[in-house]
Amino acid sequence: MLSINPKMLPRLNESEEDLIARRKRAVEEDWRGEIEGLDLTLTFLRSKREQARRFQRSGPVSLGLPVLPAQRPQDGQEGD
């Protein structure tokens, strides 16, 4: 799954407007297969937009740097 950068939210809004206009025309022309495809695309777009908004609200999560335990020499390797 692709993650959407919150900076792309305005572009998603533009895309949604275009898809809604295309869907309206498809309804007027009775293009049922096209309507179904556009509905699916709109659902996906809205889901991605909400994901980007959640990310924007919460911000990145710091995972920190891993801490490795001090390594001890293994048996028979001391004094090589």
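What follows is a chat between a visitor and a guide about a predicted model of a protein chain.

Visitor: Let's start simple. What makes up the secondary structure of the protein chain?

Guide: Two helices and zero strands. The helices are α1, covering 9-29, and α2, covering 32-58. Right after α1 comes D30, which has a positive phi, near 60 degrees.

Visitor: How do you know that the span of α1 agrees with what its residues should give?

Guide: Take 1.5 Å a residue: the 21 residues of α1 should then span 30 Å. The C-alpha atoms at its ends are 30 Å apart, so the two values agree.

Visitor: Which residues of α1 are buried?

Guide: L9, L12, E16, L19 and A26. Buried here means under 20% relative accessible area.

Visitor: How do you know that those buried residues are on the same side of α1?

Guide: Look at the buried set L9, L12, E16, L19 and A26. They cover an arc of only 85 degrees around the axis, and therefore they sit on the same side of α1. What they pack against is α2. Over on the other side of α1, you'll find E17, K24 and E28 exposed.

Visitor: What makes up the largest nonpolar core?

Guide: Nine residues: L9, L12, L19, A26, I35, L38, L42, L45 and A52. Both α1 and α2 supply at least two residues of this core, and α2 gives the most, with five. L45 is a nice one to click on. Setting aside neighbours within four places in sequence, L45 is in contact with L12, S15, E16 and L19.

Visitor: Why is R49 called buried?

Guide: Its relative accessible area is 11%. The cut-off for buried is under 20%, so R49, at 11%, counts as buried. R49 is found in helix α2. Leaving out residues up to four places away in sequence, R49 touches L9, L12, N13 and E16.

Visitor: Which residues are linked with R49 in a network of salt bridges?

Guide: E16 and R46 are in that network with R49. As for the general idea, side chains of opposite charge can pair when their charged atoms come close.

Visitor: How many salt bridges are there by the rule used here?

Guide: The count comes to nine.

Visitor: What makes D39 and R23 a salt bridge?

Guide: The rule asks for a side-chain nitrogen of Lys or Arg within 4 Å of a carboxyl oxygen of Asp or Glu. For D39 and R23, the N to O value is 2.4 Å, so the pair fits the rule. This pair links distant parts of the chain: D39 is in helix α2 and R23 is in helix α1, 16 residues apart.

Visitor: Why are D39 and R23 called partly exposed?

Guide: Partly exposed is what lies between buried, under 20%, and exposed, over 50%. D39 has a relative accessible area of 28%, so it goes in that middle class. R23, at 29%, is partly exposed too.

Visitor: How far apart are R25 and E29 in helix α1?

Guide: They're four residues apart, which means about one helical turn separates them. Their side chains meet in a salt bridge, with 3.9 Å from N to O. Set that against the 4 Å limit, and the pair counts. R25 is partly exposed at 46% relative accessibility, and E29 is partly exposed at 41%.

Visitor: How do you know that D18 and R22 form a salt bridge?

Guide: The closest N and O atoms of D18 and R22 are 4.0 Å apart, and the pair is listed as a salt bridge. D18 and R22 both lie in helix α1, four residues apart, about one turn of the helix. D18 is partly exposed, with a relative accessible area of 41%.

Visitor: What does R22 touch, not counting residues up to four places away in sequence?

Guide: R22 touches E34 and L38. Between R22 and L38 there are 7.8 Å in space, C-alpha to C-alpha, and they're 16 residues apart in sequence. R22 has a relative accessible area of 40%, so it counts as partly exposed.

Visitor: Back to the whole chain. How much of it is buried?

Guide: Buried residues make up 18% of the 80 residues in the protein chain. The accessible surface comes to about 7,200 Å², with 53% belonging to carbon and sulfur atoms.

How values were computed:
Residues numbered from 1 in each chain as written. Predicted model: local features only at pLDDT ≥ 70, side-chain atom pairs only at ≥ 80, totals over all residues. Heavy atoms only, no water. Core = buried A, V, L, I, M, F, W, Y, C linked by side-chain atoms within 4.5 Å. Buried < 20%, exposed > 50% of the residue type's maximum accessible area, 1.4 Å probe, protein only. Contact = heavy atoms within 4.5 Å. Expected span 1.5 Å × (residues − 1). Arc of directions from axis to C-beta. Areas by Shrake-Rupley, 256 points an atom, 1.4 Å probe, with all protein chains shown as cover.
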